[in-house]
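Have a look at the model below and turn it around a few times. We'll start with one pair of helices and work outwards from there.

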Amino acid sequence: MTARLPTRPPPEWDDPCRRYAPDISAFLDGELDDGEAAAVWAHLQACAACAATYEDMRRIQQAVRTYAVFPTGGKPLRERVMKALAREEP
Ligand SMILES: [Zn+2]
């Protein structure tokens, strides 16, 4: 008896978007090697849905970077406010 190949191609053949979805976030994080990154990039050029997903993820990532940075070199806001209030007391 000989080994038989699956009669159906793997599901990701039917739906390349499903295959690329997890890669898009890895792509954003720079975690893919050159070959994988090129494949994802090529898909993004060809697929509006994944390009939109990529754009959303990129915006979220940028927002997280922006807002995750608290003002540095200062005391916590609460402490500054309490001090400011204390100064105004008679
Ligand atoms: Zn796609």
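## How two helices cross

In this predicted model, helices α2 and α3 cross in a left-handed way. Helix α2 covers residues 16-28 and α3 covers residues 34-46, and the two pack at an angle of about 120°. Their axes are 10 Å apart. That angle makes α2 oblique to α3, because it falls outside the 65 to 115 range for roughly perpendicular and isn't over 145, where roughly antiparallel begins.

So who touches whom here? On the α2 side you'll find Pro16, Tyr20, Asp23, Ile24 and Phe27, and they meet Glu36, Ala37, Val40 and His43 of α3. Sorted by class, this contact has six nonpolar residues, one polar residue and two charged ones.

## The nonpolar core

Now look for the largest nonpolar core. Six residues make it up: Tyr20, Ile24, Phe27, Val40, Leu44 and Tyr54. Both α2 and α3 give two or more residues to this core, and α2 supplies the largest share, with three.

Val40 is a good one to click on. If you skip its neighbours within four places in sequence, Val40 is in contact with Tyr20, Asp23, Ile24, Phe27 and Leu32.

## A closer look at Glu36

Is Glu36 buried, exposed or something in between? This residue sits in helix α3. Glu36 has 14 other C-beta atoms within 10 Å, so it counts as partly exposed; being buried would take 20 or more, and being exposed 12 or fewer.

Try finding Asp23 from here, too. Glu36 and Asp23 are 13 residues apart along the chain, and 8.2 Å separates their C-alpha atoms.

## Zooming out

What does the whole protein look like in terms of secondary structure? It has five helices and zero strands, so reading from the N terminus you get the pattern α-α-α-α-α.

Buried residues make up 7% of the 90 residues in the protein. As for contacts with a separation of 6 or more, 42% of them link residues 24 or more positions apart.

Note on methods
Residues numbered from 1 in each chain as written. Predicted model: local features only at pLDDT ≥ 70, side-chain atom pairs only at ≥ 80, totals over all residues. Axes fitted to C-alpha atoms, helices over the stretch in contact; angles between N-to-C directions. Helix = DSSP H or I, 4+ residues; strand = E, 2+ residues; numbered from the N terminus. Parallel < 35°, antiparallel > 145°, perpendicular 65-115°, else oblique. Left-handed = near helix turned anticlockwise from the far one by under 90°. Contact = placed C-beta atoms within 7 Å. Nonpolar A, V, L, I, M, F, W, Y, C, P; charged D, E, K, R; others polar. Core = buried A, V, L, I, M, F, W, Y, C linked by C-beta atoms within 7 Å.
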